[in-house]
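Please look over the model shown below before reading on. The report that follows deals with salt bridges and with the packing of two helices.

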Amino acid sequence: MVAQGKTTSKYEAKTQEIAKELLGATKEKRSFLAQFQDQMRWDDKLLAWAMSNPGLRVQLFRFIDCLPALRSKAEIANHLQEYLTAEEVELPDALKKLISFSGGDSIPGQIAATTVTTAVETLAQKYIAGESLPQTIKTLERLRKEKMGFTIDLLGEAVIAEAEAQSYLNRYLDLMTQLAREASNWSSIPQIDQADGQILPRVQVSVKLTAFYSQFDPLDAVGSEAKVSDRIRTLLRHAADVGAAVHFDMEQYEYKDITLSILKKILLEEEFRSRTDIGVTLQGYLRDSKKDLQDLIAWAKQRGNPITVRLVKGAYWDQETIKSRQKHWQQPVYSQKESTDANYEQLTELLLENHDYLYAAIASHNARSQAHAIAIAETLNIPSRRFEMQVLYGMGEKLAKALVQRGHRVRVYCPYGDLLPGMAYLIRRLLENTANSSFLRQSLEDRPIEQLIAPPSFVETIDGTPHPQPLSNPPTPFERGGEKGDRNPVSG
């Protein structure tokens, strides 16, 4: 099967117009490097160096990944020395030699350990809404003052024992209770608390199915479904009691089908069938995401009540790619960023053109992607309740403010928790922020507006081979590969 080439459509002219407007509201006059030069904080210097030097970028992120497990300044200094003196790290030889004498309990080592630890903690604070609930609540209140809603993701979802899984559920139940109590004292903000005469939940949480059962495994679909479903029902009942909404995140590819299957069954049960304050996530970088969305539309028609679909690009590209190559499996994700963007736009059209059956949450920091969704929504006069925009905490802030200024409902995805369990999340955000293909990075590098908002093309076929030639008239509608067993996770 061959993917279509250009994704230009009947919404293109309006997309271009809105994208220029959004970029005009967000564009920095200074170059990207000039912004870093104006700021002398170590965390900004780390990111600036990482963007310019791929070898340094890899080694820094490896160091950051292991940092929470290091128990002393001497350990930190030794690891920093090992990582940054590697041959592939692009640092001046004189600086490498200096670092080589900064290990263990040496005074330079102590200074280096303190400085780098502080810088990493500062980085974490950029992307994590708070390490404690009081800190997080202050963040949420600030976002609400800026007319932005939120969804809370509790970090530390990787569980290896049933006691941890039960604890994770209990923490979410308690989190919803406390947030709902706080929310009852907040002043109403019509732009995010109301839509089309409906009162919307002020509290929303985002959860992952794998965190509710330590042995969650597609190879034991029956057992996994039974255990997880009971806990999901408990979660949804409590959410209804306190007036909170629940959104289900998508994880690695191997869990996609079982996740969708479990949620579809639960949400068809009489107790939950009328609920419209629940959402699921689809990932635009997956080659079979269009079929999944078509299946969800058919399912929603049968259900009779909409749920929200959060449309994201996808956060596990590296793991999915490496795993599929190791196993000699067909790669489940698109190889090229442009193909992902093209697929995302087709998914956006399909989702919004079926707004009677599914609500849309367009989650992207790409001004073109958001402009494309707005163009469709305005052309079709889609009601406010059925359409919102989403960004990650610490990313796309200027774009979010521009969307708010246009009158759209914007929701910020806010991770909350300790630094150690949040480190994997932090690394994904750093990788996304510093990738050459990142729209955030490209827009800050003063690339021409025409280049930033050009319609994306499929540059590969569905099976990953190079695209033979661009095709015209495409269809208008729309934070890892399988590890267990020998089956192909794409076809299995």
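Lys-14, Glu-21, Glu-378 and Arg-406 are joined in a network of salt bridges, a salt bridge being a side-chain nitrogen of Lys or Arg within 4 Å of a carboxyl oxygen of Asp or Glu. A search of the whole structure finds 28 salt bridges.

The model is a predicted one, in which local features need pLDDT of at least 70 and side-chain atom pairs count only at pLDDT 80 or more, while totals for chains, interfaces and linings use all residues. Residues are numbered from 1 along each chain as its sequence is written, and side-chain values use heavy atoms, with hydrogens and water left out.

Three salt bridges are set out here with the distance between their N and O atoms.

| Salt bridge | N to O distance | Sequence separation |
|---|---|---|
| Arg-287 and Glu-460 | 3.1 Å | 173 residues |
| Glu-388 and Arg-409 | 3.0 Å | 21 residues |
| Glu-388 and Arg-411 | 2.8 Å | 23 residues |

Glu-388 thus appears with two partners, forming a salt bridge with Arg-409 and a salt bridge with Arg-411. The pair of Glu-388 and Arg-411 links distant parts of the chain, with Glu-388 in strand β9 and Arg-411 in strand β10, where strands (E, at least two residues) and helices (H or I, at least four) are DSSP runs numbered from the N terminus. Why does Glu-388 count as buried? Glu-388 counts as buried because its relative accessibility is 7%, and Arg-411 counts as buried because its value is 9%; buried means under 20% relative accessible area, exposed over 50% and partly exposed in between, with a 1.4 Å probe and protein chains only. Arg-409 is buried as well.

The salt bridge between Arg-287 and Glu-460 also links distant parts of the chain, since Arg-287 lies in the loop between β6 (278-283) and α13, and Glu-460 in the segment after α20 (449-452). Both Arg-287 and Glu-460 are buried.

Turning to the helices, the axes of α13 (residues 289-303) and α15 (residues 337-352) come within 10 Å and cross at roughly 10 degrees, the axes being lines fitted to C-alpha atoms over the stretch in contact, with angles from 0 to 180 degrees between N-to-C directions. The two helices α13 and α15 are therefore roughly parallel to each other, a label for angles under 35 degrees. Among the residues that meet, with heavy atoms within 4.5 Å, are Leu-293 and Ile-297 in α13 and Leu-347 and Leu-350 in α15.

Technical notes
Parallel < 35°, antiparallel > 145°, perpendicular 65-115°, else oblique.
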